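Let's take a walk through this structure together, going from the contact between the chains to the side chains inside them. Have your viewer ready, and turn the view as we go.

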Number of protein chains: 2
Amino acid sequence: MEKKDVLVLEDLLGSNKKIAASIRSRMVERGILGVNLLSSPGSGKTSLLERLAAAMKDTRRMAVIEGDLETERDAERIRAQGIPAWQITTSGACHLDAKMVGRVLADVPAELDFLFIENVGNLVCPAAYDLGETIRCVLLSAPEGDDKPKKYPEAFLSSHCLILTKADLLPYLPFDPERAAREALEINPKLQVFVTSAVTGQGIDDLVRYFDSELAALRSGRA
Amino acid sequence: MEKKDVLVLEDLLGSNKKIAASIRSRMVERGILGVNLLSSPGSGKTSLLERLAAAMKDTRRMAVIEGDLETERDAERIRAQGIPAWQITTSGACHLDAKMVGRVLADVPAELDFLFIENVGNLVCPAAYDLGETIRCVLLSAPEGDDKPKKYPEAFLSSHCLILTKADLLPYLPFDPERAAREALEINPKLQVFVTSAVTGQGIDDLVRYFDSELAALRSGRA
């Protein structure tokens, strides 16, 4: 990259960081846990959210912001679960940024427990953009292969939590969840790791407990 | 995006286009078919290349350029098949560009039939960067879901060929290859579609015939 391009990128990221910080402080003040979900296309972000919706919607207040290049498809799937959802279409841009999230946030109810943000399917670029979340989760699906963390390190380095998805397909694949987790932990030893399946429901309760405890921590920090 | 950022991006893409055009004319002059493989992480680009290597290496001269953010893993897998391979690591950049390919090209033998370029795993950004290839193939694996073409249209619009991969997993998934192909063809009616499995070998012979016929067309156009 030329020097002038690096400067433009730094400028972009710097301005994104400021907007993200302001979003985070507004969310924390309202006692809302913001969760940014990041992964390759088709790793199962929307299917995971459908499962979380089924497990959480009767006892917790949740909402979802969906990011995609095109189509309202993912927001429609979430709304079908009875959960309020807003679709951001980036018209070709490869990631969400804090400004896009900030614009939608005006419409999101102030009385909320969890706001999930499903990023554009891309294991590279979204890692560089803070959206004002408190928790970032990277998803890795079994069919993608257990060699991915070291090939795409930034997504794993910048996350708090690793969600291995599509565990129901493990009998048909050479994927080793322990190898994937070990590699990811070598990059980022603080990662919380969950093995899940949106088909069987495996790991969903553990994940809900994790989000609950992070929400409690956020609220006690605020008190 | 701000206007100044759009200008920088146009400048970048314009300069990439010039380098790509020069690569393409050098390759065509040498009678080499350049094939750019583009997909999400873990869609099976390297596994497909391993299968193509086994099918082609005794009767055709092929070489591979591998793109990744980090690690030499993919080039090592290709070399293990007895095929010359060069690894480009982008150190975090989300796509290959023509300049990176041009630098490696100096080392690639001039007497060659096929040069495959495996892009960084990313269904978004690589679509914007011409690498000087003659044929661009987008891969979509069955576990990613048949709803992806319309959500990531540029990759499908800019390709000549769609390779549906991991067909061996179809019995365990809701993926409909016909729906995926239909959606992709609505975006780009000229796409050649192949249904393949690197596990069973399904579709590999058809794909080799396609590459052979494209090579013949390139060489007859040159004559």
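How much area do chain A and chain B bury between them? This is a predicted model, and in it the two chains bury about 3100 Å², with 58% of that on carbon and sulfur atoms. Three residues are worth picking out here: P41(A), R73(A) and K151(A) supply 20% of the area that chain A buries against chain B, more than any other three residues. In terms of residues, the contact takes 39 from chain A and 39 from chain B.

Next, the polar side of this interface. Between chain A and chain B there are 6 salt bridges, and 10 residue pairs are in polar contact across the interface, counting pairs with both residues at pLDDT 80 or more. On chain A, the helices α1 (3-30), α3 (73-79), α5 (148-151) and α7 (177-187) each supply at least two residues of the side that touches chain B. Of these, α1(A) gives the most, with 5 residues. Sorted by character, the residues on that side of chain A divide into 15 nonpolar, 6 polar and 18 charged.

Now zoom in on K151(A), which sits in helix α5 of chain A. Is K151(A) buried or exposed? With a relative accessible area of 4%, K151(A) falls under the 20% cut-off and so counts as buried. Setting aside neighbours within four places in sequence, K151(A) is in contact with D68(B), L69(B), E70(B), T71(B), R73(B) and D74(B). With D74(B), the side chain of K151(A) makes a polar contact of 2.9 Å.

Look also at K151(B), which forms a salt bridge with D68(A), where the closest N and O atoms are 3.7 Å apart. This pair belongs to a network of salt bridges that links D68(A), D74(A), D147(B), K148(B) and K151(B). Within that network, D147(B) and K148(B) form a salt bridge with their closest N and O atoms 2.6 Å apart, and both of these residues are buried.

Over all chains, the whole structure holds 34 salt bridges. One of them joins the side chains of E50(A) and R77(A) at 3.0 Å, N to O. Because E50(A) lies in helix α2 (residues 45-56) of chain A and R77(A) in helix α3 of chain A, the pair ties together parts that are 27 residues apart in sequence. R77(A) itself is partly exposed, at a relative accessible area of 28%. Another salt bridge, between K150(A) and E186(A), has its closest N and O atoms 2.5 Å apart. Here K150(A) is in helix α5 of chain A and E186(A) in helix α7 of chain A, so parts 36 residues apart in sequence are tied together. K150(A) counts as partly exposed at 28% relative accessibility, and E186(A) counts as exposed at 51%.

Finally, the rings. There are 9 aromatic pairs over all chains. F114(B) and F116(B) have ring centres 6.2 Å apart and planes at 20°, so this pair is stacked. F116(B) also pairs with F211(B): their centres are 5.4 Å apart and their planes at 75°, so the pair is edge-to-face. Since F116(B) lies in strand β4 (residues 114-118) of chain B and F211(B) in helix α8 (residues 204-222) of chain B, the pair ties together parts that are 95 residues apart in sequence. F114(B) and F116(B) are both buried, and F211(B) is buried as well. In chain A, ring pairs link F114(A), F116(A), F194(A), Y210(A) and F211(A) into a cluster.

Conventions: Residues numbered from 1 in each chain as written. Chains lettered and ligands numbered in written order. Predicted model: local features only at pLDDT ≥ 70, side-chain atom pairs only at ≥ 80, totals over all residues. Heavy atoms only, no water. Contact = heavy atoms within 4.5 Å. Buried area = accessible area lost by both parts, 1.4 Å probe. Salt bridge = Lys/Arg side-chain N within 4 Å of Asp/Glu carboxyl O. Polar contact = N/O pair within 3.5 Å; in protein donor to acceptor, adjacent residues only side chain to side chain. Helix = DSSP H or I, 4+ residues; strand = E, 2+ residues; numbered from the N terminus. Nonpolar A, V, L, I, M, F, W, Y, C, P; charged D, E, K, R; others polar. Phe/Tyr/Trp six-rings, centres within 6.5 Å; stacked < 30°, edge-to-face > 60°. Buried < 20%, exposed > 50% of the residue type's maximum accessible area, 1.4 Å probe, protein only.
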